[in-house]
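Please open the structure in a viewer with secondary-structure display and residue selection enabled.

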Amino acid sequence: MKLALVRQRYTAFGGAERFVERAIAALGRDDIEITLLTRRWSGEPASNLRLRKLDPFHIGRTWRDASFARAVQHEIASNDFDLVQSHERVPGCDIYRAGDGSHLGWLTHRARARGHRFNARWCGPYHRYTLAAEAAMFRHPKLRAVICNSRFIQRELMDLFGLPGERLPLIENGVDLQRFRPAGADEKRAARVMFGLPADAAVLAFVGSGFERKGLAAVIETLPNDAHLVVAGKDKSEPHYRRMAQRLGHGNRVHFLGPQQDVSPIYRAADGFVFPAVYEPFGNVVLEAMASGLPAITSPSCGAESLIEHGANGWLADAFDRESLRAALAELMTTIRSPERLATIGSAARRTAERQTPERMAEALVGLYRQLLR
């Protein structure tokens with residue numbers, strides 16, 4: 001059996017890649033030949049992956065994506081793969097994993113956040129190419145399944161592209177429950193010392209690169225005056241957000257840490273998590289925070305919204321409604337001030353996360369592969 005995985009930039013330690021490899025191994029067959037079609041990779045791919053480097057010359061991101069897609073299509077046509085799973089927008093594959101949602105969905109949500117309606121005619125060359133490639137991929141007759149990591153993305157693909165529900169299997173992300181776990185009192189104190197945070201303050205955490213998409217502006221604008229906010233992530237506009245915090249009087253209570261290789265100490269230092277994303281297909285960070293026993297606030301435009309039971313293990317707040325977020329933050333702050341209430345909601349969050357295991361995700365992938373290979 002010959003399988004192909006398409007990933008323009010492959011990271012051997014990436015979550016999606018590990019889960020795919022685990023699922024393929026779980027098929028229990030020793031006659032599977034797996035070819036990785038990639039432009040470049042980091043780390044050491046699994047021993048059962050045969051690398052096929054596709055790195056055509058390019059200048060700029062539009063040419064980069066288009067040239068890679070053409071190279072993949074040529075490779076597929078030149079081989080007799082039984083199944084091709086792509087993580088890139090390449091028409092002609094059997095399976096597409098919509099881990100990033102849809103480009104049309106993101107641009108539509110971004111336009112709304114900026115106060116106008118989306119119009120493709122206003123887009124530059126890269127966005128026009130990506131929109132066209134995405135539409136061609138979803139229309140292609142060879143496409144048999146689009147893996148969705150949330151109900152939010154399932155609904156979006158049905159609404160925007162008219163894809164039938166039976167071709168949109170739901171396989172939600174899993175979380176490492178050993179790495180992300182509730183912190184003891186000593187661990188919390190040590191984490192706060194690490195980041196220079198007051199021992200007795202209410203601390204909220206925000207984790208994610210790409211601050212506009214993840215909703216950081218809304219968090220800073222509605223931050224309670226007695227709360228500290230820890231921000232982990234990378235964004236070239238970070239100076240803008242620092243000035244915003246300073247202008248609103250939060251300057252010494254908003255702590256920008258930059259990108260962090262290990263975010264688990266941030267969850268240990270925090271009392272709650274806030275992530276009112278403008279557009280996020282799933283939101284692994286919400287799941288990580290819940291696994292760490294933190295009450296979480298997220299938005300209906302984040303796929304992790306399906307994990308939230310409003311008021312029981314966290315809160316939902318509309319990313320486009322500051323008053324909604326302000327009310328949710330007020331409830332979170334009231335909860336933080338009540339140790340008993342905080343323990344109850346934190347325990348409920350942890351129990352929710354315990355259902356989202358990597359093994360469950362791998363089993364779902366195995367089921368999909370077996371169905372398609374029949």
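The tour below goes from a sheet to a helix packed on it and then to a pocket.

The model is predicted. Begin by selecting the six strands β9 to β14: they make up an open sheet of 6 strands, paired in parallel, in the order β11-β10-β9-β12-β13-β14. Next, colour β11 (254–258) and β14 (314–316), the edge strands; each has a single partner strand, so one side of each has no neighbour in the sheet. Turning the view along the sheet, one can follow a twist that averages 20° from one strand to the next.

Now restrict the selection to β13 (residues 296–298) and β14. These two strands run parallel and are joined by 3 bridges. To inspect one such pairing, display I297 together with W315, its bridge partner in β14. Then add helix α11 (residues 284–291), which packs on the sheet and touches β9 (202–207), β12 (272–275) and β13. The direction of α11 makes about 170° with that of β12.

The last stop is the second largest pocket, which holds about 250 Å³ of space. Which residues lie nearest its centre? Select A113, E212, A217, V278 and R322, which have that position among the 16 residues of the lining. Extend the selection to α7 (211–214), α8 (216–222) and α9 (238–247), the elements that each give two or more residues to the lining of this pocket. Colouring the lining by class should show 11 nonpolar, 2 polar and 3 charged residues.

Terms used: Residues are numbered from 1 along each chain as its sequence is written. This is a predicted model: local features need pLDDT of at least 70, side-chain atom pairs count only at pLDDT 80 or more; totals for chains, interfaces and linings use all residues. Side-chain values use heavy atoms; hydrogens and water are left out. Two strands pair if DSSP finds at least two bridges between them. Helices (H or I, at least four residues) and strands (E, at least two) are DSSP runs, numbered from the N terminus. Axes are lines fitted to C-alpha atoms, for helices over the stretch in contact, and angles run from 0 to 180 degrees between N-to-C directions. Contact means heavy atoms within 4.5 Å. On a 1 Å grid over the protein atoms alone, a cavity is a set of points where a 1.4 Å probe fits but cannot get out, and a pocket is an open set with protein on both sides within 12 Å along at least five of seven lines; lining residues have an atom within 4 Å of a point. Grid points are joined across faces, edges and corners, and a volume is the space filled by probe spheres set on the points. Ala, Val, Leu, Ile, Met, Phe, Trp, Tyr, Cys and Pro count as nonpolar, Asp, Glu, Lys and Arg as charged, and the others, Gly among them, as polar.
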